[in-house]
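Here are some exercises to work through with the viewer open. Try each task before you read its solution.

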Amino acid sequence: MARMKFLCDADRCIECNACVTACKNENEVPWGINRRRVVTINDGKPGERSISVACMHCSDAPCIAVCPVDTIYNTEEGIVLHSKDLCIGCGYCFYSCPFGAPQFPQVGNFGTRGKMDKCTFCAGGPENNNSDVEFKKYGRNRMAEGKLPLCAEMCSTKALLAGDGDVVSNIYRERVVMRGFGAGAWGWGRAYQGQGS
Amino acid sequence: MLRKKTGGVATGPRLSSALTEIAGKAIDRRTFLRRSGLAAGGLAAASAFQGGMIQKAEAASDGAAVEIKKSVCTHCAVGCTVLAEVSNGVWIGQEPGFDSPINLGAHCAKGASVRAHANGERRLKYPTKLVDGKWQRISWDEAINEIGDKMMEIRESSGPDSVYWLGSAKHSNEQAYLFRKLYAFWGSNNGDHQARICHSTTVAGVANTWGYGAMTNSFNDMHSSRSIFLIGSNPAEAHPVSLLHIMRAKEQNNAEVIVVDPRFTRTASHATEFVRIRPGTDVAVIWGILWHIFENGWEDETYIAARVWGMDHIRAEVANWTPEEVERVTGVPGSQLRRVARKMATNKPGTVVWCMGGTQHTNGNNNTRAYCILQLALGNIGVAGGGCNIFRGHDNVQGATDFCVLSHSLPGYYGLKKGSWMHWARVWDVDYDYLKGRFASEKLMQSKGIPVSRWIDGVLENKDNIDQPDNLRAMVFWGHAPNSQTRGMEMKAAMEKLDLLVVIDPYPTASAVMHDRKDGVYLLPASLQYETYGSLTASNRSLQWREKVVEPSFESLPDQTIIYKFAKKFGFADQMFKNIKVNNDEPLVEDVTLEFNKGMWTIGYTGQSPDRLKAHMANQHTFDKTTLQANGGPVDGEYYGLPWPCWGTAEMKHPGTPNLYDPSKPVAEGGLNFRARFGVKAPDKWGGQNLLAEGGKEGVGYPVGNELKDGHPEFNMMMLKKLGWDGELTDAERASIEKVAGDKTNWKTDLSGGIQRIAINHGCAPFGNAKARAVVWTFPDPIPIHREPLYTPRRDLLPKYETYSDRQAYRLPTRYASIQKDDYSGEYPLILTTGRLVEYEGGGDESRSNRWLAELQQDMFVEINPFNANGLGIRDGQMVWVETPEKSKIKVRAMLTRRVEKGVAFLPFHFAGMLQGRDLRSKYPKGTDPYVLGEAANTVMTYGYDSVTQMQESKVTLCNIKKA
């Protein structure tokens, strides 16, 4: 088995935000914390594209490297999790993350940082699987139930894929082959002007 | 303690900086809103959360089992299956419904968050009435008694037509049917629902072209399309899961995706061709495309000869639409339309999709017919991958339309004629004279009621000008947001003039707060569809059966129970529920289904018994994801959800009709041809030709297996006798037919289903086999023509493309020319149009009360092109006033974007709770105010109604925008 991976197919993402509300629904994430968000470039202009972004569960995660209290760790499946008990809310992980994944709840009027929160790949945290305390701190542990992250499972156009990296890349490769030389392939627009992306 | 990371080099600076750039100077809609929209309401509301609901972990530690309940999303009409995890009666989680052939597990933001509706804290909790400007809790009995007494008093003094029953596209089929029956028994045709203001022009235009007014194919069928032409439709926001199917065609068939719209929509960003038109010029752009098709001989001559009447009249009109004229009117260059025409002609089959952008116009019925004619010219109707895929907007707007929660028809589009009432009287097992006695007069019983778009005129218009005894005095909003209707400030006045205003809804809606009444307002909490069960009809005509997920919250009651309580109060419950079992004031849902099965012959809602529908839901995984046909298993050969028409009785086991008018298979297996609905011969004025199908080729001119091998009129008993087929009737069928009208009994009124059964046994469609008609000689514009909007900025196009003359319609004076004659374009130079956002739906009361959705869109805004904004000195994010010619205005945030063209502004229509700059939050009953409030777009949208259906014009008006 390869590592667990997310992949967002920008040719399919329509910015419907199902991934965002699915995440909220599954993990009861409070208002103001977005473990996943959809980013759109060229909004309202030709070339508009969206991708859904969350923690990418890096193999060599910069957040793990920089965390001063070693709260972030990599699981056997290659999922990056953290312990909210150890977290000091310093925000160094936020500095280092290429994706803006770490979130900090606002706990006071001056925006004091609370414990870091981020996408868990629906895999909970260090506590016992599916325990009450795990849910309260990290949300649902779907991995322990043999299920994949709900954001990807509910994606409206199957743009967002999640799971074993080998399987995800197979699905995506097949899709790219199916698209052939059509307007879906990146770079087509450069070769044939005005014919899509 | 810092640890040095192994492996050294960071791999992501490039992407990282790209993202920083996005986050930094972004002007995308969401960043814009995140920045601007730390909306006081939103955050204040958020801080009021009580925190976690009961969770799976907790529930599991109680040792309670987790059950899965299968329901269907209550937002748009795609019909996505919702799998609910329920423990101890609490909805604790949602799982993807991978087995559903419609959504394959997928959801949009709304579908992925429906659990928050059921667990929502912002619901109406108990019956409430307004006393001296304060909300006061009352009991259900008090509410029904007080409202009932007041209505009876109005009935005595002003007649039954002074009470208006506004129903809902959120009803299940059973509720919609009972609701329609309720106001029939009340004795008025003054009832309606959202279909009037969403697809009424579609239903009228399309049904008058080829028989039925519904989506012809299905979402899944688009897998076979090689071109997809979307006009006035933005499914990426309005029907996101449909994109799952559209993308598949785009990727696997290399299908052309052509988007025609005034805005560069999210759908347009995924298109292969984007055609930007001036709002309200649909007919001109379609004729502009057809011009190239006819010019180059790209039409399907064989198809037209066999299956279309009147195309020559269209050719004559289209000849006027040269590329130069089209560009002058629509703004689209001829070269682009030639490319579009060629793409559509060379990539067949192709499908045409349209939504509100096409329908909501004063000439909306012309638009919908023009789209149909384009498809007929290309020979795209009645083929897999083709069709007119008209996406409907609410979860059961198709069903509520089919049950005619409308002011102009009885269920099944039977109309309001005496014969129609007699038919339903037989089904309901009541005397026609009894029903007649309920109405003010037989004339009013048979005349169209006031449509929802005009109810305010029913209140405000001088009663001498209304074709009924008195003004409307009581208004019932049953699952209907007021901010979905135009002329908001006049609506406020109308609400204040009423004697009685009743809101029956899970949420208070803007109806509770937008007026300044001190009393005479009742709010009754209705249950969600997740708190009851029954069938609903998706856009593709498939029926799905919802299970009850949880028990009704608070004191809410399901619609069927509330309907029963009113019927009981009015004293006709015994008659109305004669054949329906009632338990503790709740009618048995299955009995309701079985009752409408007995009467809905016209559109084939007769074969979908509760048992068959439940079997489909239980065996979702056995259906093919493209054809929707079950392959093996207990429902082998049937199409998912028995898409109507599902002919004959349930015992006949018709599989449903996946694609309408498709002659390539036998009628018994879901094949069909165009309906013979308009006689057998065209009027002499229009040439007098034969209207029945001809061409004599099996699978083209008539469906496979049709023994008559030609066009034929619709079936009645007389015809069966002439053909010598009547001998095949059973004795019971024959007796039933004799009892109805003897030889005159036809396929629509035969309660035994015998006529349909025999016609289909001989391979014939019961409704005859005719040509589609390109000219609707009974409409104001028999040939669809372009007419400028009432508030047009293009005075140079008048009088050539002027609107209609003023006229009386649906009991009311209706203005056209008297508005268009005045030039407002100087003071109001910008075109204003409206549309949807993906996070919200309809009036938005429910979705803005869902915290997961509300967080994503916290602010009402207006899209303005930077060119216009710079001219007006308006900066991005600033507050502005948008004012329209009827002198109402709203205060909203400006969003500068090239999504709209120069000279065009756009408003999303889901907001309410602010009125002309005034915050109405304090007026909601405590704890029921939605998280997000905003100005309603329809506060400023202006007068204008379709010439056939009274559809409101909410896509074109004029406005000016000023800094606030």
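**Exercise 1.** Work out which residues B:Lys771 is in contact with, leaving aside its neighbours within four places in sequence, and decide whether B:Lys771 is buried or exposed.

*Solution.* Keep in mind that this is a predicted model.
- Step 1: find the spot. B:Lys771 sits in the loop between helix H30 (754-761) and strand E20 (772-773) of chain B.
- Step 2: list the contacts. Beyond four places in sequence, they are B:Arg307, B:Val308, B:Trp309, B:Phe674, B:Leu691, B:Leu692 and B:Ala693.
- Step 3: count C-beta atoms. There are 29 others within 10 Å, so B:Lys771 is buried; the cut-off for that is 20 or more.
- Step 4: try a distance. From B:Lys771 to B:Ala510, 261 residues apart along the chain, the C-alpha atoms are separated by 46 Å.

**Exercise 2.** Do the same job for B:Phe715: which loop holds this residue, and which residues does B:Phe715 touch beyond four places in sequence?

*Solution.*
- Step 1: the loop is the one between helix H27 (610-618) and helix H28 (717-723) of chain B.
- Step 2: the contacts are B:Leu720, B:Asn746, B:Trp747, B:Ile755, B:Ala759 and B:Pro766.
- Step 3: B:Phe715 counts as buried because 27 C-beta neighbours fall inside 10 Å.
- Step 4: go for the C-alpha atom of B:Ser224, 491 residues apart from B:Phe715 along the chain, and you get a separation of 33 Å.

**Exercise 3.** Take strand E12 (residues 350-354) of chain B and explain why this strand is largely enclosed by the rest of the structure.

*Solution.*
- Step 1: check burial. 5 of the 5 residues are buried, so E12(B) is largely enclosed.
- Step 2: sort the side chains. In a regular strand they alternate between the two faces of the sheet. Here B:Gly350, B:Val352 and B:Trp354 point one way, while B:Thr351 and B:Val353 point the other way.
- Step 3: look for a partner. Strand E8 (residues 227-231) of chain B runs parallel to E12(B), joined by 5 bridges. Across that pairing, B:Ile228 stands opposite B:Thr351.

**Exercise 4.** Now a hairpin: in what sense do strand E16 (residues 534-537) and strand E17 (residues 543-546) of chain B pair, and which residue in the turn has a positive phi?

*Solution.*
- Step 1: the pairing is antiparallel, over 4 bridges. B:Ser535 stands opposite B:Trp545 in E17(B).
- Step 2: 5 residues lie between the two strands of the hairpin, and B:Arg541 in the turn has the positive phi, about 75°.
- Step 3: split E16(B) by direction. B:Gly534 and B:Leu536 go one way, B:Ser535 and B:Thr537 the other, and all are buried.

**Exercise 5.** Identify the edge strands of the open sheet E29-E28-E30 (chain B).

*Solution.*
- Step 1: read the order. The 3 strands run E29-E28-E30, with mixed pairing.
- Step 2: count partners. Strand E29 (918-919) and strand E30 (934-935) each have a single partner strand, so one side of each is left without a neighbour in the sheet.
- Step 3: check one pairing. Strand E28 (residues 913-915) and E30(B) are parallel over 2 bridges, with B:Gly913 opposite B:Gly934.

**Exercise 6.** Compare the length of helix H24 (residues 559-570) of chain B with the expected span, then say how much of H24(B) is buried.

*Solution.*
- Step 1: for 12 residues at 1.5 Å a residue, the expected span is 16 Å, and the helix reaches 16 Å from its first C-alpha to its last.
- Step 2: 9 of the 12 residues are buried, so H24(B) is mostly covered. Among them are B:Ile562, B:Ile563, B:Tyr564 and B:Phe566.
- Step 3: just past the helix, B:Gly571 takes a positive phi of about 85°.

**Exercise 7.** Which part of chain A has pLDDT under 50?

*Solution.*
- Step 1: start with the average. Chain A comes in at 88, and 88% of the residues score at least 70.
- Step 2: the stretch in question is residues 181-188, where the model has 18 contacts beyond four places in sequence.
- Step 3: where pLDDT is low, the predicted coordinates should not be read in detail.

Terms used:
Residues are numbered from 1 along each chain as its sequence is written. Chains are lettered from A and ligands numbered from 1 in the order in which they are written. This is a predicted model: local features need pLDDT of at least 70, side-chain atom pairs count only at pLDDT 80 or more; totals for chains, interfaces and linings use all residues. Two strands pair if DSSP finds at least two bridges between them. Two residues are in contact if their C-beta atoms, placed from the backbone, lie within 7 Å. pLDDT is the predictor's confidence in each residue, from 0 to 100. The expected span of a helix is 1.5 Å times one less than its number of residues.
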